[in-house]
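Please report on the fold, the core and the unusual backbone positions of the structure shown here.

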Amino acid sequence: MEPQGKKPGEGNGGRVTAQLLKARTGEFALDSILLLKLRGLGLVDLGCLGECLGLEWLDLSGNALTHLGPLATLRQLTVLNVSHNRLTGLEPLAACESLQSLNAAGNLLTSPGQLQCLTGLRGLENLRLQDPLARLSNPLCASPSYRAVVRELLPGLKVIDGERVTGCGSELYQLCQDLDSSLRPIPVPSLRATEAQPWVEPSYWESWPVKSSSILEEAYRQFQATLQECWDLARQADDSVTQAEQVLGPAGASASFMF
């Protein structure tokens, strides 16, 4: 994690204060803050964060949080990053009725039962519990079947750990798996030291029957649909970045929000 330089209002013993929030955003009224980045500040107490009633995007990653109590009042919150903390539960998020995307990788969640509190969030579509690239995970991710359990518990999810589980992307992924499984395996002959053996079976050079191209055509159609969806998401992302830059002003022009 990159070292964070001290800014005005950050020397509060790891507690979120009104002074800290105003210094980070430039806003005078806490309920007017829409986007907030408090990454890597060593926070252990969310303090008055619950007073930011208009908050929509929140990054609390890389801190030392053990509970999320004050977030229960944030009914407008849509995107939340609490990765790389020390959380053992997510219960306060049950009240965040607008939540759509949650990154909780790198915490201490030990069982799918600790996600039960999220079942009432009808808009929740994106959930991350582990991030291999960042080497972040949760104890519950050690089970090979944990994704299937999470999907059963939260059937509204479209993306788990960055992989689409419903929609065009998931269908294309399944189609590629089916295509791989349909490929004819080539047996490898065992080597014998006392007798030379052919490298391949006698039937290796025989041409295989031409397979139906319907699978490839379907794969191509799915790929085109997924590509179009990616372009649409890219345009939406550009619009969101532009909106964030307008909200944050010149002081936050170089900041990046990663969820």
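## D161 and H84: positive phi

In this predicted model, D161 is buried, because its relative accessible area is 7% and the limit for buried is under 20%. D161 sits in the loop between β6 (159–160) and β7. Its phi is positive, about 55°, although D161 is not a glycine. Most residues other than glycine have a negative phi.

H84 is another non-glycine residue with a positive phi, here about 60°. The loop that holds H84 lies between β3 and β4. What is the exposure class of H84? H84 counts as partly exposed, because its relative accessibility is 39% and that class lies between 20% and 50%.

## Overall fold

The chain has four helices and seven strands. From the N terminus, the elements run α-β-β-β-β-β-α-β-β-α-α.

Of the 259 residues of the chain, 36% count as buried. The accessible surface comes to about 15600 Å². Carbon and sulfur atoms account for 56% of that surface. Take the contacts between residues at least 6 apart in sequence: 41% of them join residues at least 24 apart.

## The sheet

How are the seven strands ordered in the sheet? The order is β1-β2-β3-β4-β5-β6-β7. The sheet is open, and its pairing is mixed. Strands β1 (35–37) and β7 (163–164) stand at the edges. Each has a single partner strand, so one side of each is left without a neighbour in the sheet.

Strands β4 (residues 101–103) and β5 (residues 126–128) run parallel. Three bridges join them. L102 has L127 as its bridge partner in β5.

## V79 in strand β3

Strand β3 covers residues 79–81, and V79 is found in it. V79 counts as buried, because its relative accessibility is 11%, against a limit of under 20%. V79 and L58 are 21 residues apart along the chain. Their C-alpha atoms are separated by 6.3 Å.

## The nonpolar core

The largest nonpolar core has 46 residues. Which residues have the most contacts inside it? They are L49 and L102. Helices also contribute: α1 (18–25) and α2 (146–153) each supply at least two residues of this core.

L102 brings the sheet back into view, with its bridge partner L127 in β5. L49 has its own list of contacts, not counting residues up to four places away in sequence. L49 touches V16, L21 and L36. It also touches L55, L58, L60, L71 and L74. One of these, L58, is the residue whose C-alpha atom lies 6.3 Å from that of V79.

## Q114: a buried loop residue

Is Q114 buried or exposed? Q114 is buried, because its relative accessible area is 17% and the limit is under 20%. Its place is in the loop between β4 and β5. Leaving out residues up to four places away in sequence, Q114 touches T88, L90 and L109.

Q114 and D161 can be read together as loop positions. Q114 lies between β4 and β5, D161 between β6 and β7. The relative accessible area is 17% for Q114 and 7% for D161.

How values were computed
Residues numbered from 1 in each chain as written. Predicted model: local features only at pLDDT ≥ 70, side-chain atom pairs only at ≥ 80, totals over all residues. Heavy atoms only, no water. Buried < 20%, exposed > 50% of the residue type's maximum accessible area, 1.4 Å probe, protein only. Contact = heavy atoms within 4.5 Å. Areas by Shrake-Rupley, 256 points an atom, 1.4 Å probe, with all protein chains shown as cover. Pairing = 2+ DSSP bridges. Core = buried A, V, L, I, M, F, W, Y, C linked by side-chain atoms within 4.5 Å.
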